[in-house]
Protein chains: 2
Amino acid sequence: MIQGRWKLPILFRLYADPSMRTLQLKRDLPGISQKMLTAHLRELANDGLIDRVDYGERPRRVEYHLSEGGRALLPVLIAMRQFSVERMSS
Amino acid sequence: MIQGRWKLPILFRLYADPSMRTLQLKRDLPGISQKMLTAHLRELANDGLIDRVDYGERPRRVEYHLSEGGRALLPVLIAMRQFSVERMSS
DNA sequence: CGGCATCCTTTCTGATACTG
DNA sequence: CAGTATCAGAAAGGATGCCG
């Protein structure tokens, strides 16, 4: 489920910020393409890790956040962050 | 570092069994090809997550195990396993 | 604004045959 | 036994233009 160039960056972003709009995510993930952003968001949603909320407004407004199932992944993200911290200081 | 079809399976295997020979790994990872096994093992070793020990015997004997740096990844693996358990039962 | 469709390139993976 | 080399197909990723 987390295989993919931007899966973890997206999840970490939604971990830091509970609710993000599409364009916000795009801005906060320098280098990601529109295509991969939507593709990965769709996959994450299909896997039940994130929720997608379309407010049906004009202009469109779509928000993403970690789902309940996705929050079960938090221990993994936290452990990953800890790992990266340890790795930097060694 | 864990991106790749077999990276996590390999790491979990070395987590369960502290020392594994190449052919053992191949046997315990049904479907992996010789190429991907050695490629991934080399990458994991280059990233400092596993140690590779070549005993220089004939026939050859090469063993792999989690390195000290790789054991720093254990909390991640444990959290992942917990996640998968929770996911199954829901 | 958010997303699709298309095209193109790169990367990844697997099958097979071969070496010391 | 462990690893390499080569080839071919599949998959992933990026750039661009278009739509409601």
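This dialogue goes through a sheet in chain A and the protein surface near DNA strand D in a predicted model.

User: How are the strands of the open sheet in chain A ordered, and in which sense do they pair?

Analyst: Strands of a sheet pair through backbone hydrogen bonds, in either a parallel or an antiparallel way. In chain A, three strands form an open sheet in the order 1-3-2, and the pairing is antiparallel. Strand 1 (20-21) and strand 2 (50-54) of chain A each have a single partner strand and stand at the edges, so one side of each is left without a neighbour in the sheet.

User: Which residue is the bridge partner of A:Met20?

Analyst: The partner is A:Tyr64, in strand 3 of chain A. Strand 1 and strand 3 (residues 62-66) of chain A are joined by two bridges in the antiparallel sense. Helix 1 (residues 7-16) of chain A packs on this sheet and touches strand 1, strand 2 and strand 3, with its direction at about 90° to that of strand 3 of chain A.

User: How many residues surround DNA strand D, and which are the closest?

Analyst: There are 20, and the closest are A:Arg5, A:Lys35, B:Leu23, B:Arg52 and B:Tyr64. By class, nine are charged, six nonpolar and five polar.

User: What parts of DNA strand D lie within 4 Å of the protein?

Analyst: Of those atoms, 60% belong to sugar or phosphate, and the rest to bases. Among the contacts to phosphate oxygens, a backbone N or O atom of B:Leu23 lies at 2.7 Å, a side-chain N or O atom of B:Tyr64 at 2.8 Å, and a polar side-chain atom of B:Arg21 at 3.1 Å.

User: Which element gives the largest share of the surface near DNA strand D?

Analyst: Helix 3 of chain B does, with four residues.

Note on methods:
Residues numbered from 1 in each chain as written. Chains lettered and ligands numbered in written order. Predicted model: local features only at pLDDT ≥ 70, side-chain atom pairs only at ≥ 80, totals over all residues. Heavy atoms only, no water. Pairing = 2+ DSSP bridges. Contact = heavy atoms within 4.5 Å. Axes fitted to C-alpha atoms, helices over the stretch in contact; angles between N-to-C directions. Near = heavy atom within 4 Å. Polar contact = N/O pair within 3.5 Å; in protein donor to acceptor, adjacent residues only side chain to side chain. Nonpolar A, V, L, I, M, F, W, Y, C, P; charged D, E, K, R; others polar.
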